[in-house]
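Biologist: I am new to reading protein models, and I would love a guided look at one part of this one. Could you take me through it slowly?

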Amino acid sequence: MFGFIKKTLSKVYTQVTSRLQGLFGKKHIHEQDLQELREILLKADTGVKTTKNIIASLTELADSGRIETGADLKNALAEQLSAILPTTPMPSTQVYVLVGINGSGKTTFASKLAYQLQQQGKKVLLVAADTFRAAAVEQLQQWGERLDIEVVTGKPNGDPAAVVYTASEQFQAGNYDAMIVDTAGRLQTKINLMNELEKIKRIIKRKLPEEKVVTLLTLDSMLGQNSFDQAQIFHEQIDIDGIVLTKMDGTGKGGILFAVASELKLPVWYISFGESVEQLKMFDAQEYIQELLT
Ligand SMILES: Nc1nc2c(ncn2[C@@H]2O[C@H](COP(=O)(O)OP(=O)(O)OP(=O)(O)O)[C@@H](O)[C@H]2O)c(=O)[nH]1
Ligand SMILES: [Mg+2]
């Protein structure tokens, strides 16, 4: 990931990284410097609660003489941020179920993930379990054609669980290495739509009992804290395993990663940052922190 933030996430870089450098260059750290750090973290979408905890810990360290210089501050902040990000590695899996609100980047991520797995030599099956919009199926089919990856589709307005049923059989019979299920965007408050997701997961588990199924929630990083309540309810209703932060090339400011980790207690496994197929990275917490602070 080296140089990744500077090169790719230019907004994160200019809004966060460059401002931090000013603080880290100081000979002496005073009370007002911690207030400035607080402001930077808040502006970077780190979230009120998470920021408050970080600043409280740093203030304690400063009061006891353990943060005197800008360099001390940098090291202490790096430690704080590392402690926040859970290091749960992405489990090795063959079945991915992608969920999230409308427009959060599921279909784009499905294609990017399919491409990444294909590059690793895997035989991938894409499943268009978004039967709600005809355009959604076409969108995935187009990616499938471009990448030469098979896409299982169902009837328009049909039961998405039926598509998943067929796909699971094809997966089993066809010697595939991975199956990626793209679902329709939905609001977490629509109970019937959440039940539909549960049904999809149930069918996969019944048809493919040997496979580990990983449910990934796509979160649009540009929505900042607004997406938290949504994520929380998704998690309560259908058990999310990990987060994909999308549109990291947009106006999001990078701190969202820490807020997600500390407030949702869910690992971030992927960051997606553009509309072309290779713009996907497996998230590495240590590298990210290192780059953010350097
Ligand atoms: N810049 C940028 N745009 C993205 C990214 N991911 C998705 N998009 C765009 O965001 C829009 C929505 O993306 P989709 O992948 O269709 O989102 P979705 O969650 O499948 O949407 P629904 O199926 O309607 O719920 C599209 O215009 C994508 O091109 C990203 O990482 N960066
Ligand atoms: Mg979609």
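Biologist: How many cavities of 30 Å³ or more does a search of the whole structure find? Please take a close look at the largest cavity and the parts around it, and then walk me outwards from there.

Modeller: Happy to! Keep in mind that this is a predicted model. The search of the whole structure finds two cavities of 30 Å³ or more. The largest cavity holds about 70 Å³ of space. It is lined by 13 residues, and the closest to its centre are Val16, Leu41, Thr46, Phe258 and Leu292. Sorted by class, the lining of the largest cavity has nine nonpolar residues, three polar ones and one charged one. Three helices, α2 (10–24), α5 (70–84) and α12, each supply at least two residues of this lining.

Let us pick out Phe258 from that list. Phe258 belongs to helix α11, which covers residues 256–264. Phe258 is buried, with a relative accessible area of 2%. Many of its neighbours in the helix share that setting: eight of the nine residues of α11 are buried, so α11 is largely enclosed by the rest of the structure. The buried residues of α11 are Ile256, Leu257, Phe258, Ala259, Val260, Ala261, Ser262 and Leu264. Here is a handy rule for looking at helices: an α-helix has 3.6 residues a turn, so residues three or four places apart point the same way. Just after α11 you meet Lys265, which takes a positive phi of about 55°.

Phe258 also leads us to some aromatic rings. To describe a pair of such rings, you give the distance of the centres and the angle of the planes. By the rule applied here, which asks for ring centres within 6.5 Å, the model has four aromatic pairs. In one of them, the rings of Phe258 and Tyr288 have their centres 6.2 Å apart and their planes at 45°, so this pair is tilted. The pair links distant parts of the chain, with Phe258 in α11 and Tyr288 in helix α12 (residues 285–293), 30 residues apart. Is Tyr288 buried or exposed? Tyr288 is buried, with a relative accessible area of 0%. Tyr288 has another partner: the rings of Phe283 and Tyr288 have their centres 5.3 Å apart and their planes at 65°, so that pair is edge-to-face. Phe283 counts as buried too, at 13% relative accessibility. Put together, Phe258, Phe283 and Tyr288 form one aromatic cluster.

Rings can also be found with a charge over them. The charged end of Lys123 sits over the ring of Tyr176, 4.4 Å from its centre. Likewise, the charged end of Arg146 sits over the ring of Trp143, 4.5 Å from its centre.

Just after Lys123 in the numbering comes strand β2, residues 124–129. Six of the six residues of β2 are buried, so the strand is largely enclosed by the rest of the structure. In a regular strand the side chains alternate between the two faces of the sheet. You can follow this in β2, where Val124, Leu126 and Ala128 point one way and Leu125, Val127 and Ala129 point the other way. On one side of the pairing, β2 and strand β4 (residues 178–183) run in the parallel sense over six bridges, and Leu125 stands opposite Met179 in β4. β2 also runs parallel to strand β3 (residues 150–152), joined by three bridges. There, the bridge partner of Leu125 is Glu150.

Now for the pockets. The largest pocket has a volume of about 400 Å³. Of the 22 residues that line the largest pocket, the closest to its centre are Gly103, Ser104, Gly105, Lys106 and Thr108. Helices α6 (106–119) and α7 (134–147) each supply at least two residues of that lining, and α6 gives the largest share, four residues. By class, the lining of the largest pocket has three nonpolar, twelve polar and seven charged residues.

The second largest pocket contains about 210 Å³ of space. It is lined by 15 residues, with Phe132, Ala184, Gly185, Leu193 and Glu196 the closest to its centre. The lining of the second largest pocket divides into six nonpolar, five polar and four charged residues.

To return to where we began, find Phe258 once more: Phe258 is among the residues closest to the centre of the largest cavity, and Phe258 is part of the aromatic cluster with Phe283 and Tyr288.

Definitions and conventions
Residues are numbered from 1 along each chain as its sequence is written. Chains are lettered from A and ligands numbered from 1 in the order in which they are written. This is a predicted model: local features need pLDDT of at least 70, side-chain atom pairs count only at pLDDT 80 or more; totals for chains, interfaces and linings use all residues. Side-chain values use heavy atoms; hydrogens and water are left out. Rings of Phe, Tyr and Trp (its six-membered ring) pair if their centres lie within 6.5 Å; planes under 30 degrees apart count as stacked, over 60 as edge-to-face and the rest as tilted. Buried means under 20% relative accessible area, exposed over 50%, partly exposed in between (1.4 Å probe, protein chains only). A charge sits over a ring if NZ of Lys or CZ of Arg is within 6 Å of the ring centre and within 35 degrees of the ring normal. On a 1 Å grid over the protein atoms alone, a cavity is a set of points where a 1.4 Å probe fits but cannot get out, and a pocket is an open set with protein on both sides within 12 Å along at least five of seven lines; lining residues have an atom within 4 Å of a point. Grid points are joined across faces, edges and corners, and a volume is the space filled by probe spheres set on the points. Ala, Val, Leu, Ile, Met, Phe, Trp, Tyr, Cys and Pro count as nonpolar, Asp, Glu, Lys and Arg as charged, and the others, Gly among them, as polar. Two strands pair if DSSP finds at least two bridges between them.
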